[in-house]
Amino acid sequence: MEAQEDSSNRIHRRVTVLAAGSWGTALAMVLAENGFQVMLWTRSEEHAAAMNKQRKNEKYLQDVMLPNNITATSSLEEAIAASELVLFVSPSAAMRQVAQAASPYIKDEMLIVHATKGFEADTLKPMSIVLAEELQRPVENIVVLSGPSHAEEVVRRLPTTVVVAAGELVCAERAQDAFINTAFRVYTNQDVAGVEIAGALKNIIALGAGLSDGLQYGDNARAALMTRGLAEIVRLGVQMGANPLTFAGLAGVGDLIVTCTSKHSRNWRAGYKLAQGESLSDVLHTMGMVVEGVKTTRATYQLAEKYQVEMPITTQLYEVLFNGKQPKLAVEALMGRIRTNEIEQF
Ligand SMILES: NC(=O)C1=CN([C@@H]2O[C@H](COP(=O)(O)OP(=O)(O)OC[C@H]3O[C@@H](n4cnc5c(N)ncnc54)[C@H](O)[C@@H]3O)[C@@H](O)[C@H]2O)C=CC1
Ligand SMILES: O=C(CO)COP(=O)(O)O
């Protein structure tokens with residue numbers, strides 16, 4: 001692996017970030033620190049103008065100043081023209097729409113990366129497949145960036161580690177080279193399925209951990225949810241073709257830990273608010289940012305049926321979120337399951 005390129009060589013090199021939410025803005029700042037000219041796209045003209053004027057993304061990350069080599073725009077054409085890397089980081093529900101709109105401006109030589117954690121609702125497809133279909137390119141060339149990385153800490157340059165995965169290692173290495181710096185350490189991996197499944201499914205367990213914490217079930221219960229949650233993530237992941245070792249890595253256990261324990265997690269916070277008796281629609285409305293775990297619970301419930309995999313925690317959370325089951329009864333159902341062997345049930 002080559003040493004990291006001197007960032008001063010990159011001053012005339014453009015990269016694009018599609019969607020200026022909290023994660024898009026944080027990753028734009030990583031790329032800007034690494035010397036690129038960053039085009040940060042938002043669908044709202046007013047939002048783009050405000051970011052350029054105030055040098056802030058007031059709605060999503062109000063405490064940080066945007067450096068001068070980030071330019072916001074609401075024109076996809078302007079955002080993507082002459083870019084060498086296009087990062088898709090909209091919520092999963094918007095990915096196909098954003099990719100469709102971006103597609104006419106994307107050239108073969110541009111590296112495509114995504115950092116979104118979720119599946120497409122109706123098709124249950126991972127984001128790499130959605131992008132491959134819409135951009136009409138081989139899925140092996142599409143990179144996923146994932147791992148334990150809350151935007152609020154990345155923008156403060158707190159030490160963070162992530163993984164970039166692509167079927168074609170050279171694509172993952174190009175992304176590694178673009179994103180890596182002394183506060184943001186980037187590992188490569190070729191198990192795209194594993195990284196995408198791990199990144200999406202940990203949000204289900206984080207919602208459950210928030211609920212459990214909100215109901216004062218204690219530290220043992222949270223640890224049990226995380227551990228048995230990981231077991232069912234691995235079970236589904238392996239059936240879907242993932243490498244089980246990926247789940248022991250940053251995108252797996254790493255992200256599970258941070259999302260189930262960090263005050264920054266929107267998924268954990270949503271679970272906590274549900275435990276206080278707020279309705280799901282109120283929780284989603286007042287969060288003001290995407291809570292991917294809700295849609296992912298539904299999609300994973302369907303994937304578990306499709307692949308005939310037992311996923312008791314996901315199933316109980318599905319019942320709580322969508323069928324009004326009392327969390328207390330969900331816990332009773334989990335604790336009263338037929339006795340079993342830990343490893344056989346992994
Ligand atoms: N916030 C974080 O710390 C992290 C977030 N992620 C993932 O990144 C993805 C994006 O999350 P955030 O940036 O946090 O979300 P966010 O809620 O902060 O921002 C989402 C952005 O997407 C835009 N958007 C929504 N629908 C759109 C549409 N139809 N067309 C165009 N733009 C649209 C919104 O206007 C907003 O700018 C999610 O999958 C999330 O799980 C991953 C790692 C860390
Ligand atoms: O994926 C994340 C951290 O790695 C963000 O999690 P939340 O969406 O729960 O904030």
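**Exercise 1. Describe the surroundings of ligand 1: which residues come nearest, and what does the shell consist of?**

Solution. Of the 26 residues around ligand 1, those that come nearest are G21, W23, A94, A151 and M289, where a residue is near a molecule if its C-beta atom, placed from the backbone, lies within 6 Å of it. The structure is a predicted model, in which local features need pLDDT of at least 70 and side-chain atom pairs count only at pLDDT 80 or more, while totals for chains, interfaces and linings use all residues. Residues are numbered from 1 along each chain as its sequence is written, and chains are lettered from A and ligands numbered from 1 in the order in which they are written.

Next, take the elements, where helices (H or I, at least four residues) and strands (E, at least two) are DSSP runs numbered from the N terminus. Helix 1 and helix 4 (95-102) each supply at least two residues of this shell, and helix 1 gives the largest share, three residues.

Then sort by class: the shell around ligand 1 has 12 nonpolar, 11 polar and three charged residues, with Ala, Val, Leu, Ile, Met, Phe, Trp, Tyr, Cys and Pro counted as nonpolar, Asp, Glu, Lys and Arg as charged, and the others, Gly among them, as polar. Finally, at least three residues of the shell come from each of domain 1 (7-190) and domain 2 (202-335), the bounds being taken from an automatic or database domain assignment.

**Exercise 2. Which positions does the UniProt annotation "binding site" cover, and is S22 buried or exposed?**

Solution. According to the unreviewed UniProt entry, the annotation covers S22, W23, R43, Y60, K117, A151, R266, V290 and E292; positions are in the numbering used here, feature names are shortened, and annotations may be inferred rather than shown by experiment.

S22 is found in helix 1 (residues 22-33). Because S22 has 21 C-beta neighbours inside 10 Å, it counts as buried; the rule is that 20 or more other C-beta atoms within 10 Å make a residue buried, 12 or fewer make it exposed, and counts in between make it partly exposed, with C-beta atoms placed from the backbone. Leaving out residues up to four places away in sequence, S22 touches Y60, L61, A151 and M289, contact meaning that the C-beta atoms, placed from the backbone, lie within 7 Å.

R43, by comparison, has its place in the loop between strand 2 (37-41) and helix 2 (45-54), and it counts as partly exposed because it has 16 C-beta neighbours inside 10 Å.

**Exercise 3. Why does ligand 2 lie between domain 1 and domain 2?**

Solution. Begin with the 14 residues around ligand 2, of which S149, T259, S265, R266 and N267 come nearest. Helix 8 (192-214), helix 10 (250-261) and helix 11 (266-275) are the elements that give two or more residues to this shell, and the largest share, three residues, comes from helix 10. By class, there are three nonpolar, seven polar and four charged residues around ligand 2. Since domain 1 (7-190) and domain 2 (202-335) both give residues to the shell, ligand 2 lies between them.

Helix 11 deserves a further step: nine of its 10 residues are buried, among them R266 and N267. The cover over these buried residues includes helix 8, helix 10, helix 12 (280-287) and helix 13 (292-306). After helix 11 comes G277, whose phi is positive, near 100°.

**Exercise 4. How many residues of domain 1 are in contact with domain 2, and which residues of the largest nonpolar core touch the most other members?**

Solution. The C-alpha centres of the two domains lie 26 Å apart, and 20 residues of domain 1 are in contact with 19 residues of domain 2. On the domain 1 side, strand 7 (160-165) and strand 8 (184-189) give two or more residues, with strand 7 giving the most, three residues. By class, this side has nine nonpolar, nine polar and two charged residues.

For the core, L18 and V143 touch the most other members among its 109 residues; a nonpolar core is a set of buried Ala, Val, Leu, Ile, Met, Phe, Trp, Tyr and Cys residues joined through C-beta atoms within 7 Å. Helix 8 provides the largest share of this core, 13 residues. Because domain 1 (7-190) and domain 2 (202-335) both give residues to this core, it lies between them.

Terms used
Contact = placed C-beta atoms within 7 Å.
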